[in-house]
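Reader: Could you zoom in on one part for me, the way strands pair up here? Feel free to wander into whatever sits around that.

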Amino acid sequence: MKTPGQRSPNPGALPNTPRNGGINSALTASMHTANMETLRTVKTYKTAIGEAKRVFFDKKIHEIASSNKRPWDLMSWIKKKTLSSIETISYESQACNTLLSLWNALHCSYNSVADRPVNTNILNDIPQSNVIEWPPFSRQEFKDAIAKCSTSSMSGPDHVSWKHLKPIIANDKCLEKIVYIANACIVHETWPPQFKAATSVVIPKPNKKSYNTPKSF
Amino acid sequence: MSANSFLDPNQLGGIRQRSTIDAGLYLTHIICPGWLKQCHTSVIAFNVAQFFPSLNRLFLTKCLGKAGLSPSIINFFNSYHTNRSTTYTWNGFTFPPFNTNVGVSQGSVLSSIISAMYMVPIIKTFKKRIKNLKEKIPSDILSFVDDSLLISQEKSYELSSVFLLCSYNIMSKLLFNAGLVTEHSKLEVFYFTRSQRPPNHPLDLTSVGGPVLTPKPIWRYLGFFFDCKLNFHHHTHFYATKCLSTLNAMRLLGNAYRGILPLQKRLFYRTCILPIALYGFQLWFFKGAPIVHNIYELKKMQRRAALWVTDAFCTAPSKGIEAITGLILIHLCKLNRRHHLRYASIPPSHAINSLLDTAHSKNQTPHRFATSNLTDKQQVKLKSPIKDVNECLNGVISCFDPTHLLFSPGMRVVDHFSSRITFHSPLSSSDEDIYAHMQKLDHAFKQSQTLPYHIAIIADGGVKKSNVALAVTHIWIDNHVTNQLSLQAMNITLLETELMSIGLGLTPTLVNNSVYNITVITDSMGAAKKLLESRPNPHQRAILPIINLIKSFLSKNNRNAIHFWQCPKKAEWPRHKLVDDQVKTLNDTSILSSKNSHLFSQKKEVDDILKEWQTTFATSQKKGQLFLDFEDEKQRVITPTYTKGGS
């Protein structure tokens, strides 16, 4: 049995017997030099890898601790949620084998309550509150609102994220135009269809026993 | 919405300043006085299934109308909700957009407030109905987005079971009318009692279509682990263990090439681990609460963290390594006091107001178990977090006015006159930049003194060791000081003093009709910017008269303008130095003040806790044996601190 401290013998080396001693010694010498060369190559290779890793990690650590100041990026909260590929999702006791059936299952289960009846009579008892004034949006409001938005958040279908919008609004003319659009939405009582497209990324709900229904996501 | 009191106080979540901690604190407080009155607290927790997609458009439109929104805004919201499309993404696969015409879109910024407004009529009608019943049911409701609680506090379990059953029946019918359905599988019942035997009364909800509920020993609500006696042992154990396992996993970071620096480890602990460990501590940390076990769990966790940060031996003394790492001993006292001070800033329609004393309740009807509704004897006996909040607020001057019209978006001074109020400060603190800035300042000052209708104000403030604050202002016209004003105050911070000095100069100048252009020179640009800060801040009451004057001054004429100039102290600008010298030489007469300003109280908490840490560390008996003193370059003993990366 091999103890952890022992080194394993070189499997390629021939046994050194007195009969073929000369050849063997020459062979061993040549192999030794070959081994040495390999060792040297391995060493250089390892050093190169080590250095590359060091540079990479140092850069990463510096980025997290100093440049973007987001140490919580190290935590599992912001990691990409992976979906299990083993369980089949079934909707209304039918397995979703094709992508089309999966999209339908997801869409139907998230919008299953479309036509639920309501009784608005209960609202009659509620006293009418005072009318709220709605002054137009100002530039400062827009600036304040956008300052709080994270630059690392995901963009919508138009691929424009806060990261791109922040330098744009630094220009006063652009800012004025954008605020004008926001106020026009209120004045014309409409929300442009361009803003209505959304992307739903399906992620699993934590701590579920089974992930075989669309409701677990 | 908070201003016209449409939102219900018992509704939390989705609205600014209504957090899970508030919900937990509300529940914890009403249990404690209930025990004093020999009442057990029984709770049913229910959850609305698929809350966001279930919100009905028709119902929502009527809700918005009741909330006081004008028809054009309601039409805008209708347009906002209709004809939406969603693209689903699954493991990198995407599918062309589907039309979604239900509920409010998840992830939208407006969803949280809209969902909160949807629940308002339901809760209000519920309260009205249980009030109008022949047999009055003293049930309470607490809702956090879609996680709601029905609370009954009675002497007998049977009675509270009946009350809970009735209120649940009313509630589920109301929810059904609003197009919402409760999830029966997630219904839970729990009893809070001080008796030795934990109660095990099943609650039969079969008559209203629900299951038979039996209480569990531990009940989880909004991330808090409640137990019958409110000792929160399981809660702290859970979060301390969670942090310990994270810490153990973080040792892997040490194995990556060369590892990370101790300073970075400390930063990681303070930002990622400490907030988890201290989640919900406000519920169990108050005067008279049994906290030994809970603190022990947290201390254990912090010790492990300090060992990881310093890579010290596991036998190293805790106090020593914590001092080296700059991790203050679990400083719940400070955090708790800070949290109490937060309640000075809450809007009048907040749930916690109904539990406070009448002086702080902001005209809200007190709850049955509010501190103001208890007898003197009961008040002395009471141990609850809200009692501590009351005591803390008694010593602080009320300074918030979050619902005032001048601070509401669209009505503020910055919204209308931002182009006529300018701020000039040096680009950086380097000597070249300061020199360039001072040249400009000189020019601006000369202009203000030569041009007609221009005026300059030079303001400065200082706080003496006796906590007396002095504010001095010089008003300059035609290269002469025409007015010298000074004011004293007690127990305020330097920032507030600077703000006071600016206000002191601005008040007489703004009402002067022969002035068009005002140049304010101060050494604290932070204070000047506070005048126009849009967020709720602890200066609101103090700056309100000045803001009113600024608004009327700027709206009088289009050429009226105010320019703020920073004059760094190290530049030693002669005119500013005059003011500064006056601050230093003025005699301070201490004034009796029973109350502190909000910021001063915050600062005092930090100073007190640091002082306490340094004294306990200096007098520690183990220090000489297991841990030696460190000295700095000037051979002074380094005292522990947690600011700027620790000692």
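Author: Quick ground rule: helices (H or I, at least four residues) and strands (E, at least two) are DSSP runs, numbered from the N terminus. This is a predicted model, where local features need pLDDT (the predictor's confidence in each residue, from 0 to 100) of at least 70 and side-chain atom pairs count only at 80 or more, while totals for chains, interfaces and linings use all residues. Residues are numbered from 1 along each chain as its sequence is written, and chains are lettered from A, ligands numbered from 1, in the order in which they are written.

Let's begin with chain A. Its five helices and three strands come in the order α-β-β-α-α-α-α-β along the sequence. Just 6% of its 217 residues count as buried (20 or more other C-beta atoms, placed from the backbone, within 10 Å of a residue's own; 12 or fewer is exposed, in between is partly exposed). Take the contacts in chain A (C-beta atoms, placed from the backbone, within 7 Å) between residues at least 6 apart in sequence: 44% of them join residues at least 24 apart.

Now to where the chains meet. On the chain B side, 62 residues are in contact with 56 residues of chain A. Strand β3 of chain B, residues 84–90, gives the largest share of that side, with seven residues. Strands pair across the two chains here (pairing takes at least two DSSP bridges): strand β3 of chain A, residues 197–201, runs parallel to β3(B), and five bridges join them. One of the bridge partnerships links Thr199(A) with Thr87(B). As for confidence, the predictor gives the complex an ipTM of 0.75 and a pTM of 0.85, and chain B averages a pLDDT of 85, with 96% of the residues at 70 or above.

Chain B also has an open sheet of its own, with six strands in the order β13-β18-β17-β14-β15-β16 and mixed pairing. Its edges are β13 (421–424) and β16 (480–490) of chain B; each has a single partner strand, so one side of each is left without a neighbour in the sheet. From one strand to the next, the twist averages 15° (axes are lines fitted to C-alpha atoms, for helices over the stretch in contact, with angles from 0 to 180 degrees between N-to-C directions).

Look further into that sheet and you find β14 (residues 454–463) and β17 (residues 517–522) of chain B running parallel, joined by six bridges. In that pair, Ala456(B) has Thr519(B) as its bridge partner in β17(B). Lying across β14, β15 (468–477) and β17 of chain B is helix α19 (residues 574–585) of chain B, at about 35° to β14(B).

Two more helices of chain B are worth a stop. In α11(B), residues 332–342, the buried residues are Leu332(B), Asn336(B), Arg337(B), His340(B) and Leu341(B). What do the buried residues of α11(B) pack against? They pack against α13 (385–394) and α20 (598–618) of chain B. Then there's α7 (residues 233–255) of chain B, which holds Asn248(B). Asn248(B) counts as exposed because it has 11 C-beta neighbours inside 10 Å. Its C-alpha atom lies 29 Å from that of Leu610(B), 362 residues away along the chain.

Key: Two residues are in contact if their C-beta atoms, placed from the backbone, lie within 7 Å.
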